[in-house]
Amino acid sequence: MQKSTKAIRVAAPLLAILGMVAPFILPMTHISSAQAQEEYLPTQKDFVGKWQLSGATTRPPRDMKDAPTPEQEAAANEFQQTVTAFYGAFDYLEITADGRYNFHQPGDPTSGSCVWCGTWSFSKSSLWLELDTAPRLDIYAKGGDIQMTYTAEPEEKSKYAWLVFGWTKVD
């Protein structure tokens, strides 16, 4: 009798926890192929157009093993302000169908020479600007904004990898 009472005392909380967690686990494990096909995967043409900076934030790099220190977070925030001010000096980012991008300064003629421009490539549903920092542009919903993150850094670890920028289409 004592063994069965002890087993009930151990099993009851486990069953209660399982009952609370099950609604969150089960929907994620049973996704139909029709649902998976409805997910939005952008194409190259979704990125073509003019985009304005709409926001910025910092996010610890995904490969960071330890929790960020207050010093790392402060340095990332300070660097974010510097880079945001740099992007904010441009009227818009133009991405063209012929594989070019151009950050336009205020008052630049549309066909004028560029101050900061280059080429891009498209891979794995993302647009990649050909720069040392490898900015990756992603669109998560049809007609949505672009999120720019960095996948490489030229020299110092923990600077560019923290940066995230939002761009909203203006045309």
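**Entry 1: Asn-102**

I began with Asn-102 and asked whether it is buried or exposed. Its relative accessibility is 12%, so I put Asn-102 down as buried, the cut-off for that class being under 20%. The model is a predicted one, and I read every value here with that in mind.

I then looked up where Asn-102 sits, and found it in strand 3. Its side chain makes a polar contact with the side chain of His-104, at 3.5 Å. For other partners I set aside neighbours within four places in sequence. That left Tyr-92, Leu-93, Glu-94, Cys-114, Trp-116 and Cys-117 in contact with Asn-102.

**Entry 2: the cysteines**

Two of the residues touching Asn-102 are Cys-114 and Cys-117, and I checked how they are linked. A disulfide joins Cys-114 to Cys-117, with 1.6 Å from S to S. I searched the whole structure for disulfides and found one. I noted for myself that a disulfide is a covalent bond between the sulfur atoms of two cysteines.

How accessible is Cys-114? It has 32% relative accessibility and therefore counts as partly exposed. Cys-117 has 36%, so I entered it as partly exposed too.

**Entry 3: salt bridges**

How many salt bridges does the structure hold? I recorded two.

One is between the side chains of Asp-98 and Arg-100, at 3.0 Å from N to O. Asp-98 counts as exposed because its relative accessibility is 53%, and the cut-off for exposed is over 50%. Arg-100 stands at 44% and counts as partly exposed.

The other is between the side chains of Arg-136 and Asp-138, at 3.1 Å from N to O. Here Arg-136 is partly exposed, with a relative accessible area of 27%. Asp-138 has a relative accessible area of 8%, so I listed it as buried.

**Entry 4: the nonpolar core**

Last I looked up the largest nonpolar core, which has 22 residues. Tyr-87, Ile-95, Phe-103 and Trp-167 are those with the most contacts inside it. The elements giving two or more residues to this core are helix 4 (70-88) and strands 2 (92-95), 3 (100-104), 4 (116-123), 5 (126-129), 6 (135-139), 7 (146-150) and 8 (163-169). In soluble globular proteins, nonpolar side chains tend to be buried together.

I picked Ile-95 from this core and asked which residues it touches. Not counting residues up to four places away in sequence, Ile-95 touches Phe-47, Val-48, Gly-49, Trp-51, Arg-100, Tyr-101, Trp-120, Leu-127, Leu-137 and Ile-146. Arg-100 is on that list, and I had already met Arg-100 in the salt bridge with Asp-98.

Definitions and conventions. Residues are numbered from 1 along each chain as its sequence is written. This is a predicted model: local features need pLDDT of at least 70, side-chain atom pairs count only at pLDDT 80 or more; totals for chains, interfaces and linings use all residues. Side-chain values use heavy atoms; hydrogens and water are left out. A nonpolar core is a set of buried Ala, Val, Leu, Ile, Met, Phe, Trp, Tyr and Cys residues joined through side-chain atoms within 4.5 Å. Buried means under 20% relative accessible area, exposed over 50%, partly exposed in between (1.4 Å probe, protein chains only). Helices (H or I, at least four residues) and strands (E, at least two) are DSSP runs, numbered from the N terminus. Contact means heavy atoms within 4.5 Å. A polar contact is a pair of N or O atoms within 3.5 Å; within protein, one must be able to donate a hydrogen and the other to accept it, and residues adjacent in sequence count only if both atoms are side-chain atoms. A disulfide is a pair of cysteine sulfur atoms within 2.5 Å. A salt bridge is a side-chain nitrogen of Lys or Arg within 4 Å of a carboxyl oxygen of Asp or Glu.
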